[in-house]
Amino acid sequence: MSVDYSGYKYFLFEKEGRTLTVTMNRPDQLNAMTWDMHEEASRVFYDLGMDHSIDVVIFTGAGKAFSAGGDIVGMKMMYEDTEMFDRSINEAKKVVFGILDCDKIIIAKVNGDAVGLGATMALFCDIIIAADHARFGDPHVRVGLAAGDGGAVIWPQAIGYAKAKEYLMTGDLITAPDAQAMGLINYSVPVAELDAKVDAMAKKLGSGAMKSIKYTKTAINVGLKQLAHTMMDTCMAYEALTNRSQDHLEAINAFSEKRKPKFTGL
């Protein structure tokens, strides 16, 4: 049984055999999450999990970026309306749990920068293959927010606590070759080779003993799911606290005024 994806506005779906390519489609804004796009992201992986006509998902972004993460306009709206932020917390948890619960094999095809929630989504996928010009980062702190949407869960598991703390507390970006070297992602390849590398991996996995591959993924994810369920409420609570901070408002204003923010720690 396949799933009807026609109601999605910000995601494109293209099926070939039992592989479905899912593309975040807001290229003019580097696939940054609008309010509506964030809601769609919170349910797309559940729909994919219910699609019995597919085994492999290739998850990517349209245009120059994979996803630039949060949308500054959305941040301003959620600062002014805490009810909106409360809803976004629930959606953010569903993004993470949706990826972890989905029994399809998910390959992140990182065609450009994966930042904030964009990085979180990529890093929770099963296989991460990036163009070598792409960068990864979780710069929540640079906009005065705690890293609440899953970065604090997955980064330490991938590269250890010391490196994860460095990158989550500075918000610095990592190039794809460096990300591969430290084990954050599987492969960094020249952009001209990205399609072929991803397609080859999709075919390799898709032609395997699919039931055993899916069960292996499920078994591996048990620990990650336990960790995510243990941490996500706390992470989002701290992000909610910083959503009301003066530093976060300063970051929003600085972006609008095209200047560097002047943080005070308040």
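**A tour of the pockets**

Begin in this predicted model by selecting Ala 68, Gly 69, Gly 70, Asp 71 and Met 75, which of the 46 residues lining the largest pocket lie nearest its centre. The space around which these residues gather comes to about 1100 Å³.

Next, colour the helices α1 (35–49), α2 (72–80), α3 (82–101), α9 (210–243) and α10 (246–256), each of which supplies at least two residues of the lining of this largest pocket. If the lining is then coloured by residue class, 23 nonpolar residues appear alongside 14 polar and nine charged ones.

Keep α9 selected and move to the second largest pocket, whose volume is about 440 Å³. Of its 21 lining residues, Cys 125, Asp 126, Ile 127, Ile 220 and Asn 221 are the closest to the centre. Two or more lining residues come from each of α4 (117–124), β6 (127–131), α5 (151–159) and α9, and α9 contributes the most, with six residues. By class, the lining of the second largest pocket holds 14 nonpolar, five polar and two charged residues.

Finally, zoom out to the whole chain, where the protein shows 10 helices and nine strands. Its radius of gyration is 18 Å, close to the 18 Å that the globule rule gives for 266 residues, so the protein is as compact as a globular protein of that length. Along the principal axes, the C-alpha trace spans about 55 × 35 × 35 Å. With the surface displayed, the accessible area is about 12300 Å², 56% of it belonging to carbon and sulfur atoms, while 52% of the 266 residues count as buried.

Key:
Residues are numbered from 1 along each chain as its sequence is written. This is a predicted model: local features need pLDDT of at least 70, side-chain atom pairs count only at pLDDT 80 or more; totals for chains, interfaces and linings use all residues. Side-chain values use heavy atoms; hydrogens and water are left out. On a 1 Å grid over the protein atoms alone, a cavity is a set of points where a 1.4 Å probe fits but cannot get out, and a pocket is an open set with protein on both sides within 12 Å along at least five of seven lines; lining residues have an atom within 4 Å of a point. Grid points are joined across faces, edges and corners, and a volume is the space filled by probe spheres set on the points. Helices (H or I, at least four residues) and strands (E, at least two) are DSSP runs, numbered from the N terminus. Ala, Val, Leu, Ile, Met, Phe, Trp, Tyr, Cys and Pro count as nonpolar, Asp, Glu, Lys and Arg as charged, and the others, Gly among them, as polar. The radius of gyration is taken over C-alpha atoms; the globule rule is 2.2 Å times the number of residues to the power 0.38. Buried means under 20% relative accessible area, exposed over 50%, partly exposed in between (1.4 Å probe, protein chains only). Accessible areas come from the Shrake-Rupley method with a 1.4 Å probe; for residues, only the protein chains shown count as cover.
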